[in-house]
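This report examines how strands pair into sheets and which residues gather around a bound molecule. Please keep the structure in view while reading.

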Amino acid sequence: MTKPAYEALTPRTLPQRLGTLPALTDRVGPPDGWDVTEVGDGNLNLVFIVRGDAGAAVVKQALPYVRLVGESWPLPLKRSFFEYHALIREEARDPGAVPEVFHFDEDQALIVMEYLDRHIILRQGLIQARRYDGLGRMLGRFCARTLFRGSDLSMKAPEKKADVALFCGNVELCDITENLIFSDPYFDAEMNRHTAGLDAAVARLRADLALKVAAQELKLDFTTRAETLLHGDLHTGSVMVADDGDYRVIDPEFAFYGPMGFDIGMLISNFLMAYMSQPGHESEPGDRATYQDWLLAATDDIWSAFAEAFSRLWHEERRGILYQATLYEDQGHHQAADVALARRLDAIWRDALGFCGVEMHRRILGLAHNADFETISDEARRATCEARALALGTAAIHGRDSISDMGALLELARRTGTE
Ligand code: SR1
Ligand code: MG
C-alpha cells in the first residue's frame with residue numbers, strides 16, 4: 001500500500017487522519033472525543049495540542065515553507081527528521097531533559113510527543129519576571145552532557161563520523177543560521193529590520209571592520225568545526241518551564257555538528273538579552289533590579305554548571321579518540337589531563353563569547369527578533385535597551401581574548417545595561 005503524500009494538518013483534519021495512531025489513542029483516548037488546537041507561535045512549524053478523555057499529546061508538523069515569511073521561502077520537510085534524531089540523542093545523553101517522543105512519521109514530517117501541561121515557554125516567563133529555581137544549572141548540565149557525549153571525547157569514531165554524515169543533510173537550516181546570524185546583521189540585508197532610533201548604533205556597528213571579520217571567523221568555525229552534535233537553536237524560546245522546577249529543552253530542528261561553544265553562547269546571549277530588555281518593561285525599579293540580579297545569577301549558573309558537569313564527564317567518561325586517558329596515565333601525567341581540560345574549557349568559553357555576541361546582534365537587526373525587546377511598546381525605550389544590547393554583543397565579540405570569565409562578562413553586562 002502506498003503511503004499518503006504529505007499534507008499539512010488542520011485541527012479539523014487531524015482526528016480523521018491520526019485517529020487510528022496508537023501513539024495518540026493510547027494516551028489521548030478515542031478520536032471522537034478529541035479537542036485539537038493549533039498553538040504554534042514559532043517561526044517555522046505547526047504545533048497542535050490534542051486533548052481527549054484519557055489525556056493529551058502534542059503533534060508537531062513541519063510546513064514546507066518558513067511560517068514566519070510564507071510560501072515564498074520554501075523549507076524542506078526533512079528538518080523534522082533531524083529534529084526527531086536530535087531529540088532521541090538528547091534524551092539518551094541527558095535523560096528527562098526533553099519531551100518524550102511517542103511517534104515519528106517521516107513522510108508527514110510529524111512528531112507526536114509529550115504534552116507539557118504545566119509548562120510555558122521560558123522567554124514568556126522571563127518577560128513576566130518569573131524566577132525558576134535551578135534553571136541555569138539544569139541548562140548548563142544539559143549543555144555539558146549533550147555536547148560532551150555527542151563528541152569525539154565520548155563517542156566511538158565510526159559512530160560519530162556516521163552521525164556527522166547524517167546531520168550534514170540539515171543544509172537548509174544551517175543556511176538560515178549561516179546567513180541570519182553571521183552575515184545579515186553586518187550589512188543592509190533584504191530581510192533585516194530594526195527599531196527606529198537605532199540608525200546611529202547600526203551605522204557604527206556596520207562600520208566596524210574588525211567586527212565583520214570576527215563574525216566571518218565565527219561563521220567559519222560554525223561551518224567547519226564539527227566538534228559535537230549541537231541543538232543548534234538553544235534560545236529561551238526553546239526551553240519550557242514549570243513553576244514546580246521541571247524544565248525541558250525543545251525544538252532541536254537546527255541540530256548540526258559544530259563547535260561546542262555555539263549552544264552555550266546562544267543560551268547565555270538570550271539570558272543577557274532578557275536582562276538588557278528588563279528596563280523596557282513596566283515594573284517597580286526595586287523589583288526590576290532584584291529580578292535583573294536573578295537573571296545574572298542564572299546566567300552565571302549556566303556556565304558554572306556547564307564547567308562542573310563537563311569536568312566530571314572529562315574525568316569519568318573520556319572514552320573517545322580525543323585526549324585518551326592512556327596518554328596521560330602511562331607516564332603518570334595525570335595533571336596534564338587537567339591542563340588539557342582547562343584549555344578546552346577556556347576555548348569553549350572564548351567561542352561562546354563570540355557566538356553570544358552575534359546572536360545578540362541578529363535578534364535586534366536581522367529577520368527574527370526576540371519578544372524580550374519586541375514587547376516593549378514604547379519605541380524610544382526599546383531602542384535604548386536594544387542599543388545597549390548591541391554594544392554588549394560587540395564587546396563580547398571583541399573581548400573573546402580578554403573577557404576571562406563569566407564574572408567579567410556579567411560585570412560588562414551590568415555596566416553596558418546602564419550606560
Ligand atoms: C527563518 S527562521 C528564523 C529563526 O527562527 C528559528 O527559531 C531560528 O532561531 C532561526 O534563526
Ligand atoms: Mg524553534
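The text below treats the annotated region, then the two sheets, and then the ligand surroundings.

**Overview**

The structure is a predicted model. According to the UniProt record, an unreviewed entry, residues 35-271 carry the annotation "domain: Aminoglycoside phosphotransferase". Over residues 35-271 the chain is 40% helix and 21% strand. The C-alpha atoms at the two ends of this stretch are 35 Å apart.

**The sheet of five strands**

Five strands form an open sheet in the order β1-β2-β3-β7-β6, and their pairing is antiparallel. At the edges stand β1 (35-38) and β6 (101-105), each of which pairs on one side only. From one strand to the next, the twist averages 20°. In a regular strand, the side chains alternate between the two faces of the sheet.

Two hairpins belong to the strands named above. In one, six residues lie between β1 and β2. In the other, four residues lie between β2 and β3. The turn of this β2-β3 hairpin contains G55, which has a positive phi of about 160°.

**The sheet of three strands**

Another open sheet has the order β8-β10-β11, again with antiparallel pairing. Its edge strands are β8 (120-121) and β11 (247-249), and each pairs on one side only.

**Pairings in detail**

The table lists strand pairs from both sheets with their bridges.

| Strand pair | Residues of the second strand | Bridges and sense |
|---|---|---|
| β1 and β2 | 45-51 | four bridges, antiparallel |
| β2 and β3 | 56-62 | seven bridges, antiparallel |
| β6 and β7 | 110-114 | four bridges, antiparallel |
| β8 and β10 | 239-241 | two bridges, antiparallel |

Individual residues can be located within these pairs. V36 stands opposite V50 in β2, and N45 stands opposite A62 in β3. The bridge partner of H103 is V112 in β7, while I121 has M240 in β10 as its bridge partner.

**The surroundings of ligand 1**

Which residues are around ligand 1? They are G42, N43, L44, V66, L68, I176, T177, L180, D233 and A368. By character, this shell divides into six nonpolar residues, three polar residues and one charged residue. Helix α7 (residues 171-182) supplies the largest share of the shell, three residues. Both domain 1 (14-114) and domain 2 (120-416) contribute to the shell around ligand 1, with at least three residues from each.

How values were computed. Residues numbered from 1 in each chain as written. Chains lettered and ligands numbered in written order. Predicted model: local features only at pLDDT ≥ 70, side-chain atom pairs only at ≥ 80, totals over all residues. UniProt positions renumbered as here; feature names shortened; annotations may be inferred. Near = placed C-beta within 6 Å. Nonpolar A, V, L, I, M, F, W, Y, C, P; charged D, E, K, R; others polar. Domains from an automatic or database assignment. Pairing = 2+ DSSP bridges. Axes fitted to C-alpha atoms, helices over the stretch in contact; angles between N-to-C directions.
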